[in-house]
Amino acid sequence: MVYAFRKPLTLLFVWAVATMAAAQVTFTQSAINSGDTSSSGITNGDFDNDGILDLITINTSTISFYKGLGGGKFAAPVNEHLPSPSGQVVAGDFNRDGKLDLAIAPACCGGSGEVTIMLGNGNGTFTQGETISGTAAGSYIALADFNGDHLPDLAVSIFGTPGSTEVFLGQGDGTFRHTVTLAEGSYQIVAGDFNADGHQDVAVIAPSGVALYLGNGSGTFQSPLLASLSNVASIAVGDFYNNRIQTLAVLVTAFIGQGNFSNTLYSLRYHNGQWVAENRNVISAVTGDPYEQIIGGDLNGDFKDDIFLAGGNFQGSAVSAYMLGNGNGTFQALNSAPGWMDLQYFPFIRDLNLDSRHDVGIAWTSIFGSTGGAEVLLNTNAVTNCTPPKANALSVHICAPASGQTVGQTITFKGAGNAWNGFAKRMELWIDGKKVGQNLEDQLKMTATLAKGSHTAAFVVVDSFDNHTAQSVSFTSSY
């Protein structure tokens, strides 16, 4: 990516992430009943193309569409029949018609059913597409561009001993073509660029630990690297070392008898050619209701990725919490967050009300009430940076500097991005045609010291499938 700006940058940037962030994060909780007996998966996106994020939950026999009303509020669900009992759900435009589609995994683990494609109609309803063959025991799925064509591809974790992973490349018409079978699998699978080579990799929980497959950029992968960890419950992608390289947080949940569990969090990264588990954080030595799933993101606005944890128990109640990241692979003490009913599944972090604070969405189930639905935790006190644009396009909002502004020698750049297809996974800053930095999320804040004169800054946003767009601003440095 090159921007042909004429004036060269004469003094390189310095990062400006020393933000006075809140010691704790507070949330406003709301929960919406799906009208079905349980909910096991949730995703978000602008499914009716009005610029406002909506929610989808996967329930026992239905798909629920919760129309976004703005301000983090959602309408009562509109339900339609679900072809088979299912679990995790991911969203993307699989047939390039400008309408978001769904890929739905079978219920975990080892049951019948294949990955089901539901093609979006652009109004929160769906038409059944293909069922992807060879995934009858598929339990978890990850969505990314594995071969560099900017189309959504699927990696499917196949339950078994030792299990496997199947990779399917999107054809751009709503169908997927099998390319490769990887030797490890069974449980949760995620995608990320863990060696910072520009190609999407795959990490998957296997019976013997967490396997890493480095991507070749062609839909094929290298031999696995295995981190031997027992009782791995969940993994989450984030920039946990604050070095613009993605790493994993690994949640270990162990049963210790009499209805009690222990929870431990590790950092796992590709470093010097090795797949290394580091920084053991004991969350709880004994807890009645275990944390079972985690997700990474910046919750307090300090540009260091944090962890949100969700879980529960068939005999207890839902539990939620978060751990603030220190930016070095370690995390601060556990802080409780609101939970809802008995079980919680697949938390996600995204700015749902466009206030530049990252919120949380979770699917929930009440065992004894035989109900389920969507839970939303709106972040109320994180440090704000720049409000993002609407969610019906890949786009950028520049908050500082303003066009035509005259500034001093040192300038703070603030911008935010949003994505319609997938999510905004990276923001970049280019000054006078030179890339000077990036942040691996939908917000960017940097400070640069520039020479006197006219300059142009381009703010670039990149989505899940490496599509990008930019907005530019011209300004003058005078001192």
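Analyst: Let's start with a definition: a residue is buried under 20% relative accessible area, exposed over 50%, and partly exposed in between. Keep in mind that we're reading a predicted model.

User: Okay, how do I use that on K435: is it buried, partly exposed or exposed?

Analyst: The relative accessible area of K435 is 36%, and a value between 20% and 50% counts as partly exposed, so K435 is partly exposed. As for its place in the fold, K435 sits in strand β36, residues 434-439. To get a feel for distances, take I63: K435 is 372 residues away from it in sequence, and their C-alpha atoms are 43 Å apart in space.

User: What does β36 pair with, and in which sense?

Analyst: General idea first: strands of a sheet pair through backbone hydrogen bonds, either parallel or antiparallel. Here, β36 pairs with β35 (residues 424-431) over five bridges, in the antiparallel sense. Within that pair, L429 faces G437 of β36. The two strands form a hairpin with two residues between them, and D432 takes a positive phi near 55° there.

User: Which sheet does that hairpin belong to?

Analyst: An open sheet of five strands, ordered β33-β39-β38-β35-β36, with mixed pairing. Its edge strands are β33 (406-407) and β36, each of which pairs on one side only. At the β33 end, two bridges link β33 to β39 (residues 468-477), and those strands run parallel. V407 is found opposite S477 of β39.

User: And how do I read an edge strand in the sheet that starts with β25: why is one side of it without a neighbour?

Analyst: That sheet is open too, with four strands in the order β25-β26-β27-β28 and antiparallel pairing. β25 and β28 (335-337) are at its edges with a single partner strand each, so one side of each has no neighbour in the sheet. Ignoring direction, neighbouring strands are turned by 30° against each other on average. The partner of β25 is β26 (residues 306-311), joined to β25 by six antiparallel bridges. One of the pairs is G297 with D306 in β26.

User: Now a strand with lots of cover. Why is β15 called largely enclosed?

Analyst: Count the buried residues along the strand. In β15 (residues 164-170), seven of the seven are buried, so the rest of the structure largely encloses this strand. Then look at both faces: S164, E166, F168 and G170 on one side are buried, and so are T165, V167 and L169 on the other.

User: Which strands pair with β15?

Analyst: β14 (residues 153-158) is one, antiparallel over five bridges, and β16 (residues 176-182) is another, antiparallel over six bridges. The bridge partner of I158 is S164 in β15, while L169 is matched with R177 in β16. Both pairs are hairpins, so to speak of their turns: the β14-β15 hairpin has five residues between its strands, with G163 at a positive phi of about 85°. The β15-β16 hairpin also has five residues between its strands, and G172 in that turn has a positive phi of about 80°.

User: Let's go to the pockets. What volume does the largest pocket have, and what lines it?

Analyst: For a pocket, take the volume, then the lining, then the class of the lining residues. The largest pocket has about 740 Å³ and 31 lining residues, with C108, Y140, E292, Q293 and Y345 nearest its centre. Among the elements giving two or more residues to it are β3 (39-45), β13 (138-144) and β25 (291-297), and β29 gives the most, with four. By class, the lining has 15 nonpolar residues, 15 polar and one charged.

User: How does the lining of the second largest pocket divide by class?

Analyst: Into three nonpolar, four polar and five charged residues. Among its lining residues are D193, R244, K425, R426 and D466, and its volume is about 230 Å³.

User: How many cavities of 30 Å³ or more are there?

Analyst: Three. The second largest has about 80 Å³, and D298, G301, S356, V383 and Q443 are the closest to its centre among 13 lining residues.

User: Last one: how do I read the radius of gyration of the chain?

Analyst: Compare it with the value for a compact globule of 479 residues, near 23 Å; this chain has 22 Å, which agrees. Buried residues make up 60% of the chain, and its secondary structure comes to 39 strands and zero helices.

Note on methods. Residues numbered from 1 in each chain as written. Predicted model: local features only at pLDDT ≥ 70, side-chain atom pairs only at ≥ 80, totals over all residues. Heavy atoms only, no water. 1 Å grid on protein atoms, 1.4 Å probe; cavity = no way out; pocket = protein on both sides within 12 Å on 5 of 7 lines; lining within 4 Å. Points joined across faces, edges and corners; volume = space filled by probe spheres on them. Nonpolar A, V, L, I, M, F, W, Y, C, P; charged D, E, K, R; others polar. Pairing = 2+ DSSP bridges. Axes fitted to C-alpha atoms, helices over the stretch in contact; angles between N-to-C directions. Rg over C-alpha atoms; globule rule 2.2 N^0.38 Å. Buried < 20%, exposed > 50% of the residue type's maximum accessible area, 1.4 Å probe, protein only.
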